[in-house]
Structures are given as C-alpha cells and as structure tokens.
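Reader: I am new to this structure and should like to learn how its features are read. Could you take me through them in turn?

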Amino acid sequence: MSEQKVKQTTVSLREMKKENKRIAMVTAYDYPSASAVEEAGVDLILVGDSLGMVVLGYDTTLPVTMEDMIHHTKAVKRGAKNTFVVTDLPFLSAHISLSETVRNAGRLIQEAGADAVKLEGGREMLEEVRAIIRANIPVMGHLGLTPQSVNQLGGFKLQGKDLDSAKRIFEDAMLLEEAGCFAIVLEMVPTPLAALISEHLKIPTIGIGAGAGCDGQVLVIHDMLGITHNYMPRFVKTYSHLYGSMVESLQTYSREVKEGAFPTTEHEFGMKEEVLYQLKKELQLS
Ligand code: KIV
C-alpha cells in the first residue's frame, strides 16, 4: 500500500526551511491536474491567477475574477484533498477597501476551500496583509515580477536589476515577514538577490525565475508539462511535451472517424437479436 501523503502546513514549511529541505510547488487549476500533483507528492499547489493566461487564453492575468478563482479552487480541492492549496487574490480583489479585501480572502478559504491566499505587492500592501492575517487567514507574499502590475512594470520583465529596485525588493521581503506572511514568492529577480533575501528571512522563499538560492520552486503546470505552446519563459524547464501529443492524438482520432476505423466492436454496445427484431416489428420498419 502506498504511504499516505503528509499535508504541509505553514508551520511544517518553516521547519523545512530550518532543516534545509527544498519545497516543491506547482500550479493546478482543475480536478485531473490536482490529482496528478497530489499523487506525485508535490508539497504545495498554487491556484494561480495565471489560469487567466494558460487556461482561459487572456494575454494577462488582469481579467481574472474572484468567481474564476473560486470555481477553479473548488475543482482543485476535489482532486487534491491532502495537499496544502494556496489561491491567488486576483486583480483589484485586495485594493478597494480593507473590509472587501478580508471578505475576498475569506471567500477563497470558506467557499473555495483554499488553505491560504497569495497577495502580490510589498510595502504598499502591508495593511491588507495584516488585515487578512488578523482574520486567521495565512498569507503568501509575492515580490519581483508581480503580473497584476504588468502595465506599470512595462511588461513581464526581470525586476531588481539595479541598486534601488533590488534594495526595495529586499526591504519589502523583510516587511512582509514582519507583517506575518508564512512564505514569499520571488518571481523573475536575479539569483544573487533572491539568495540574499532567502538567507535573511526565517520564512521560506519560493522562486520562479529566481534561481537555486530560494527555499523552494514553483512552476506553472501548463509550462512545465509543455501544454503551453506559443511562448515559454526562459526560466521554465519543460518536463513533457504534451501539446504535441495532444495534437497528434486528435489528428489520429479525426482521421480514424473519417476512415471508419473508430469505433470498432471493442468500443461498442450490442443488443439482443430478438429485442431488435421486436423493435423493428413494433415500429413497422423493415
Ligand atoms: O499566478 C501564478 O501562477 C503565479 C506564479 C507564477 C507564482 O503567481
């Protein structure tokens, strides 16, 4: 019998950092991908608002709504009952007022079943982070390239290259820890900066395009499995090429249907001769 997977917690993640154990996280957006992630024993699932781009086909994450995040988190939870799930607070869901922010974070926990929420931003979001944590909802921070600010950042670009921006990201990480975040995603920042931040934090850093000095890594599942086919960021390692396999299988299916090679008897259901005979008779068919 396979061993029951141990579900991570905010406390066990901190222990992992202390013990120098790396944390593996990946996104999932639906039941089958979440089941596969759980069966593979990956530590954490992120229901990222990247679903807007890789599942819904938007150019950015900005159109993603609370309803989208709740819908997809529910499906993920049905597939991964024993994995710690973090769900993104989508664009504008944490910016209108503190009460709306806490309400939205609460919906992700209470309605959708997430274990924690992720919130993009540093010093400018500290009040929101504290308010959510006051409601006993664990918060994962997100610094560096924050895709919800893509229009302000001028594109999906490396952040923290110069002294001022590197210092700001470093300080923001310390502030988020102080505010009570249990972990921080560092996205597209130089490896030495991410390593420096990781060394100086007690909470784990989860890197994406931030190098091997982070305490853990996260990738978008559609990227790492090669389902994404139009653009692949340089920091992604592609472990499979599923898009090609999908197209090939669909071409074969389409050809077989047209040629009459599918379905065959092994995919069909029969009927008793006498029932068919009687049916035709009653319907007065020849
Ligand atoms: O939305 C997402 O998938 C993310 C990761 C890229 C960290 O925020």
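**Reading the model residue by residue**

Author: Let us begin with a single residue, Val-55, which is partly exposed, with a relative accessible area of 37%. The model is a predicted one. Val-55 belongs to the loop between H3 and H4.

Reader: Which residues does Val-55 touch, not counting those up to four places away in sequence?

Author: Val-55 touches Tyr-29, His-72 and His-222. As for distance across the model, the C-alpha atoms of Val-55 and Glu-177 are separated by 32 Å, and these two residues are 122 residues apart along the chain.

Reader: How is a buried residue recognised?

Author: A residue counts as buried when its relative accessible area is under 20%. Thr-73, at 0% relative accessibility, therefore counts as buried. Thr-73 is part of helix H4, residues 66–79. Setting aside residues up to four places away in sequence, Thr-73 touches Val-47, Val-85, Thr-87, Ala-112 and Ala-114.

Reader: Is Ser-33 buried or exposed?

Author: Ser-33 counts as buried because its relative accessibility is 14%. Its place is in helix H2, residues 31–40. Not counting residues up to four places away in sequence, Ser-33 touches Ala-28 and Ile-221.

Reader: How should one read a whole helix?

Author: An α-helix has 3.6 residues a turn, so residues three or four places apart point the same way. Helix H6 covers residues 126–134, and its buried residues are Leu-126, Glu-128, Val-129, Ala-131 and Ile-132.

Reader: Which elements do the buried residues of H6 pack against?

Author: They pack against helix H5 (98–110), E4, strand E5 (139–144) and helix H8 (163–179). Just after H6 comes Asn-136, which takes a positive phi of about 65 degrees.

Reader: Which residues does the UniProt annotation "binding site" cover?

Author: According to the UniProt record, an unreviewed entry, the annotation "binding site" covers Asp-49, Asp-88 and Glu-120. These residues span 72 residues in sequence, yet no two of their C-alpha atoms are more than 10.9 Å apart, so they gather at one spot. Of these residues, Glu-120 is included in the lining of the second largest pocket.

Reader: Where is Asp-49 placed, and what is Asp-49 in contact with?

Author: Asp-49 is in the loop between strand E2 (44–47) and helix H3 (51–54). With a relative accessibility of 3%, Asp-49 counts as buried. Leaving aside neighbours within four places in sequence, Asp-49 is in contact with Thr-61, Val-64, Met-69, Asp-88, Pro-90, Glu-120 and Gln-148. Two of the annotated residues, Asp-88 and Glu-120, are thus among the contacts of Asp-49.

Reader: What can be said of Glu-120 in turn?

Author: Glu-120 has its place in strand E4, residues 116–120. Glu-120 is buried, its relative accessible area being 7%. Beyond neighbours within four places in sequence, Glu-120 is in contact with Asp-49, Met-125, His-142, Thr-146, Pro-147, Gln-148 and Ser-149. For Gln-148 there is a further detail: the side chain of Glu-120 reaches the backbone nitrogen of Gln-148 at 2.9 Å.

Reader: Which residue does the UniProt annotation "active site" cover?

Author: The annotation "active site", also taken from the unreviewed UniProt entry, covers Glu-187. Glu-187 is found in strand E6, residues 183–187. Glu-187 counts as buried because its relative accessibility is 11%. Not counting residues up to four places away in sequence, Glu-187 touches His-142, Leu-143, Gly-144, Leu-145, Pro-147 and Ile-208.

Reader: Which residues are around the ligand?

Author: The residues around the ligand are Thr-27, Leu-46, Gly-48, Asp-49, Ser-50, Asp-88, Lys-118, His-142, Val-185, Glu-187, Ile-208 and Val-220. The list includes Glu-187, the residue annotated as "active site" in the UniProt entry.

Reader: How far do polar side-chain atoms lie from an oxygen atom of the ligand?

Author: For Asp-49, a polar side-chain atom lies 3.1 Å from an oxygen atom of the ligand. For Ser-50, the corresponding value is 2.5 Å. For Asp-88, a polar side-chain atom lies 3.1 Å from an oxygen atom of the ligand. The ligand has 260 Å² of accessible area on its own, and the protein covers 96% of it.

Conventions: Residues numbered from 1 in each chain as written. Predicted model: local features only at pLDDT ≥ 70, side-chain atom pairs only at ≥ 80, totals over all residues. Heavy atoms only, no water. UniProt positions renumbered as here; feature names shortened; annotations may be inferred. Helix = DSSP H or I, 4+ residues; strand = E, 2+ residues; numbered from the N terminus. Buried < 20%, exposed > 50% of the residue type's maximum accessible area, 1.4 Å probe, protein only. Contact = heavy atoms within 4.5 Å. 1 Å grid on protein atoms, 1.4 Å probe; cavity = no way out; pocket = protein on both sides within 12 Å on 5 of 7 lines; lining within 4 Å. Polar contact = N/O pair within 3.5 Å; in protein donor to acceptor, adjacent residues only side chain to side chain. Near = heavy atom within 4 Å. Areas by Shrake-Rupley, 256 points an atom, 1.4 Å probe, with all protein chains shown as cover.
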